[in-house]
Amino acid sequence: MKLTQEPEIVSWPEKRITCLSRKLDPFQNTAPEAWQELHPSVPGISEHNKITGYMQSLQVGPKVYRAGVSLAAEPKNLPKHLAYEKFRGGKYSRFVLTGSYAQLPEASGRVFEIVAEKKIQMRDDYCIENYANDPRTTPEEQLTTEILIPTA
(Lines give C-alpha, C1' and ligand atoms only; values in the text may rest on other atoms or scores of the structure.)
Protein backbone atom coordinates (compact mmCIF):
# COMPACT_ATOMS: atom_id res chain seq x y z
CA MET A 1 0.00 0.00 0.00
CA LYS A 2 1.41 3.37 -1.01
CA LEU A 3 0.35 5.69 1.84
CA THR A 4 2.27 8.66 3.17
CA GLN A 5 3.32 7.99 6.77
CA GLU A 6 4.01 11.60 7.77
CA PRO A 7 1.05 13.97 7.79
CA GLU A 8 1.29 17.29 6.02
CA ILE A 9 -0.56 20.14 7.74
CA VAL A 10 -2.79 21.85 5.18
CA SER A 11 -5.44 24.52 5.19
CA TRP A 12 -8.46 22.98 3.47
CA PRO A 13 -10.50 25.70 1.73
CA GLU A 14 -14.16 26.46 2.22
CA LYS A 15 -16.21 24.44 -0.25
CA ARG A 16 -19.77 24.30 -1.44
CA ILE A 17 -20.96 20.70 -1.22
CA THR A 18 -24.09 18.78 -1.94
CA CYS A 19 -24.38 15.40 -0.33
CA LEU A 20 -26.36 12.53 1.07
CA SER A 21 -26.05 12.24 4.85
CA ARG A 22 -26.57 8.95 6.64
CA LYS A 23 -26.28 7.69 10.18
CA LEU A 24 -23.15 5.57 10.23
CA ASP A 25 -24.44 2.10 10.98
CA PRO A 26 -22.09 0.30 10.12
CA PHE A 27 -19.57 1.96 7.79
CA GLN A 28 -19.16 -1.02 5.45
CA ASN A 29 -22.90 -0.87 4.69
CA THR A 30 -23.52 2.87 4.90
CA ALA A 31 -20.77 4.03 2.52
CA PRO A 32 -21.64 1.84 -0.49
CA GLU A 33 -25.38 2.48 -0.06
CA ALA A 34 -24.85 6.26 0.03
CA TRP A 35 -22.68 6.21 -3.11
CA GLN A 36 -25.14 3.93 -4.92
CA GLU A 37 -27.85 6.48 -4.21
CA LEU A 38 -25.70 9.52 -5.06
CA HIS A 39 -24.26 8.36 -8.41
CA PRO A 40 -27.61 8.32 -10.29
CA SER A 41 -28.14 11.93 -9.09
CA VAL A 42 -24.89 13.21 -10.63
CA PRO A 43 -26.33 13.91 -14.11
CA GLY A 44 -29.14 15.95 -12.51
CA ILE A 45 -26.66 17.87 -10.38
CA SER A 46 -24.31 18.58 -13.28
CA GLU A 47 -27.15 19.68 -15.56
CA HIS A 48 -27.37 22.98 -13.63
CA ASN A 49 -24.11 23.05 -11.64
CA LYS A 50 -20.39 22.59 -12.20
CA ILE A 51 -19.05 19.67 -10.15
CA THR A 52 -15.47 20.33 -9.03
CA GLY A 53 -14.78 17.11 -7.13
CA TYR A 54 -16.01 14.06 -5.22
CA MET A 55 -15.55 13.48 -1.51
CA GLN A 56 -16.82 11.62 1.48
CA SER A 57 -16.82 12.91 5.00
CA LEU A 58 -17.23 11.15 8.29
CA GLN A 59 -18.00 12.66 11.66
CA VAL A 60 -16.96 10.53 14.60
CA GLY A 61 -19.40 11.92 17.16
CA PRO A 62 -22.27 11.83 16.38
CA LYS A 63 -21.50 9.22 13.76
CA VAL A 64 -22.54 10.68 10.40
CA TYR A 65 -21.40 9.63 6.91
CA ARG A 66 -21.73 11.87 3.86
CA ALA A 67 -21.13 11.04 0.20
CA GLY A 68 -21.01 14.12 -1.95
CA VAL A 69 -19.68 16.41 -4.61
CA SER A 70 -18.14 19.85 -4.37
CA LEU A 71 -19.56 22.60 -6.56
CA ALA A 72 -18.09 25.69 -8.21
CA ALA A 73 -20.92 27.96 -6.98
CA GLU A 74 -24.09 27.96 -4.90
CA PRO A 75 -26.26 25.21 -6.41
CA LYS A 76 -29.31 25.55 -8.60
CA ASN A 77 -32.09 22.99 -9.03
CA LEU A 78 -30.65 20.22 -6.86
CA PRO A 79 -32.54 16.93 -6.56
CA LYS A 80 -34.73 17.22 -3.44
CA HIS A 81 -33.10 14.32 -1.57
CA LEU A 82 -29.71 16.07 -1.48
CA ALA A 83 -28.51 18.52 1.15
CA TYR A 84 -26.41 21.60 0.45
CA GLU A 85 -23.98 23.36 2.74
CA LYS A 86 -20.95 25.56 2.78
CA PHE A 87 -18.23 23.38 4.26
CA ARG A 88 -16.12 25.76 6.32
CA GLY A 89 -12.75 24.09 5.76
CA GLY A 90 -9.89 24.57 8.20
CA LYS A 91 -6.66 22.98 9.37
CA TYR A 92 -6.15 19.29 8.51
CA SER A 93 -3.45 16.64 8.72
CA ARG A 94 -3.25 15.24 5.19
CA PHE A 95 -2.21 11.71 4.26
CA VAL A 96 -2.15 10.57 0.63
CA LEU A 97 -3.01 7.12 -0.71
CA THR A 98 -1.93 6.32 -4.26
CA GLY A 99 -3.66 3.28 -5.73
CA SER A 100 -6.93 1.41 -5.71
CA TYR A 101 -9.93 2.58 -3.70
CA ALA A 102 -10.08 -1.02 -2.43
CA GLN A 103 -7.11 -0.07 -0.20
CA LEU A 104 -9.02 2.73 1.55
CA PRO A 105 -10.26 0.72 4.56
CA GLU A 106 -6.70 -0.43 5.34
CA ALA A 107 -5.27 3.04 4.62
CA SER A 108 -7.82 4.79 6.85
CA GLY A 109 -7.12 2.33 9.65
CA ARG A 110 -3.39 3.03 9.34
CA VAL A 111 -4.01 6.80 9.32
CA PHE A 112 -5.88 6.57 12.63
CA GLU A 113 -3.02 4.46 14.07
CA ILE A 114 -0.54 7.19 13.03
CA VAL A 115 -2.79 9.89 14.54
CA ALA A 116 -2.77 7.98 17.84
CA GLU A 117 1.00 7.24 17.70
CA LYS A 118 1.87 10.87 17.01
CA LYS A 119 -0.73 12.15 19.48
CA ILE A 120 -2.26 14.43 16.85
CA GLN A 121 -5.02 16.46 18.48
CA MET A 122 -8.20 16.12 16.44
CA ARG A 123 -10.90 18.76 16.54
CA ASP A 124 -14.58 17.80 16.46
CA ASP A 125 -15.26 18.02 12.73
CA TYR A 126 -15.55 15.81 9.67
CA CYS A 127 -12.70 13.58 8.50
CA ILE A 128 -12.54 13.74 4.70
CA GLU A 129 -11.57 11.48 1.83
CA ASN A 130 -10.98 13.71 -1.17
CA TYR A 131 -10.79 11.82 -4.47
CA ALA A 132 -8.21 13.89 -6.36
CA ASN A 133 -8.64 12.34 -9.80
CA ASP A 134 -11.31 10.66 -11.90
CA PRO A 135 -11.46 6.84 -11.73
CA ARG A 136 -13.13 6.77 -15.16
CA THR A 137 -9.98 8.19 -16.81
CA THR A 138 -7.17 7.44 -14.32
CA PRO A 139 -5.50 4.01 -14.14
CA GLU A 140 -6.31 2.35 -10.82
CA GLU A 141 -2.69 2.31 -9.64
CA GLN A 142 -2.52 6.11 -10.17
CA LEU A 143 -5.68 7.05 -8.25
CA THR A 144 -4.95 9.62 -5.55
CA THR A 145 -7.01 9.97 -2.39
CA GLU A 146 -6.31 12.58 0.27
CA ILE A 147 -7.28 11.42 3.75
CA LEU A 148 -7.76 14.56 5.82
CA ILE A 149 -7.96 14.53 9.62
CA PRO A 150 -9.34 17.70 11.28
CA THR A 151 -6.51 19.04 13.44
CA ALA A 152 -6.81 21.25 16.50
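A salt bridge here is a side-chain nitrogen of Lys or Arg within 4 Å of a carboxyl oxygen of Asp or Glu. With that in hand, let us work through some exercises together.

The model is predicted, so local features need pLDDT of at least 70 and side-chain atom pairs count only at pLDDT 80 or more, while totals for chains, interfaces and linings use all residues. Residues are numbered from 1 along each chain as its sequence is written, and side-chain values use heavy atoms, with hydrogens and water left out.

**Exercise 1. Describe the salt bridge of Glu117 and the surroundings of its two ends.**

Step 1. Find the partner: the side chain of Glu117 meets that of Arg110, with N and O 3.1 Å apart.

Step 2. Fix the accessibility classes: buried means under 20% relative accessible area, exposed over 50%, and partly exposed in between (1.4 Å probe, protein chains only).

Step 3. Apply them. Glu117 has a relative accessible area of 52% and is therefore exposed. Arg110, at 22%, counts as partly exposed.

**Exercise 2. Find out which parts of the chain the salt bridge between Glu8 and Arg94 ties together.**

Step 1. Check the distance: the closest N and O atoms of Glu8 and Arg94 are 2.7 Å apart.

Step 2. Place both residues, taking helices (H or I, at least four residues) and strands (E, at least two) as DSSP runs numbered from the N terminus. Glu8 belongs to strand β2 (residues 8-12) and Arg94 to strand β7 (residues 90-98), so the bridge ties together parts that are 86 residues apart in sequence.

Step 3. Add the accessibility: Glu8 is partly exposed, at 43%.

Step 4. Widen the search. The whole structure has 10 salt bridges. Another of them joins Arg136 to Asp134, with the closest N and O atoms 2.8 Å apart. Salt bridges that share partners also join Glu8, Arg94 and Glu146 into one network.

Step 5. Compare the ends of the Arg136 bridge: Arg136 is exposed at 68%, whereas Asp134 is partly exposed at 24%.

**Exercise 3. Explain why Cys19 and Cys127 form no disulfide.**

Step 1. Recall the chemistry: a disulfide is a covalent bond between the sulfur atoms of two cysteines. The test used here asks for a pair of cysteine sulfur atoms within 2.5 Å.

Step 2. Look at the sulfurs. For Cys19, the closest cysteine sulfur is that of Cys127, 15 Å away, which is too far for a bond. Starting from Cys127 leads back to Cys19 at 15 Å. The count of disulfides is zero.

Step 3. Note the setting: Cys19 is buried at 4% relative accessibility, and Cys127 is buried at 7%.

**Exercise 4. Classify the ring pair of Trp35 and Tyr131, then look for charges over rings.**

Step 1. Set the rule. Rings of Phe, Tyr and Trp (its six-membered ring) pair if their centres lie within 6.5 Å; planes under 30 degrees apart count as stacked, over 60 as edge-to-face and the rest as tilted.

Step 2. Apply the rule. The structure holds two aromatic pairs. In the pair of Trp35 and Tyr131, the centres are 6.1 Å apart and the planes stand at 70°, so this pair is edge-to-face.

Step 3. Place the rings. Trp35 is in helix α1 (residues 27-38) and Tyr131 in strand β8 (residues 126-131), so the pair ties together parts 96 residues apart in sequence. Trp35 is buried at 14%, and Tyr131 is buried at 14% too. Ring pairs link Trp35, Tyr101 and Tyr131 into a cluster.

Step 4. Turn to charges. A charge sits over a ring if NZ of Lys or CZ of Arg is within 6 Å of the ring centre and within 35 degrees of the ring normal. The charged end of Arg66 is over the ring of Tyr126, 3.8 Å from its centre. Arg123 lies over the face of Tyr92, at 4.8 Å from the ring centre.

**Exercise 5. Locate Ser108 and list its contacts beyond four places in sequence.**

Step 1. Ser108 is placed in helix α3 (residues 104-117).

Step 2. With a relative accessible area of 16%, Ser108 is buried.

Step 3. Count as contact any heavy atoms within 4.5 Å. Neighbours within four places aside, Ser108 touches Glu129 and Ile147.
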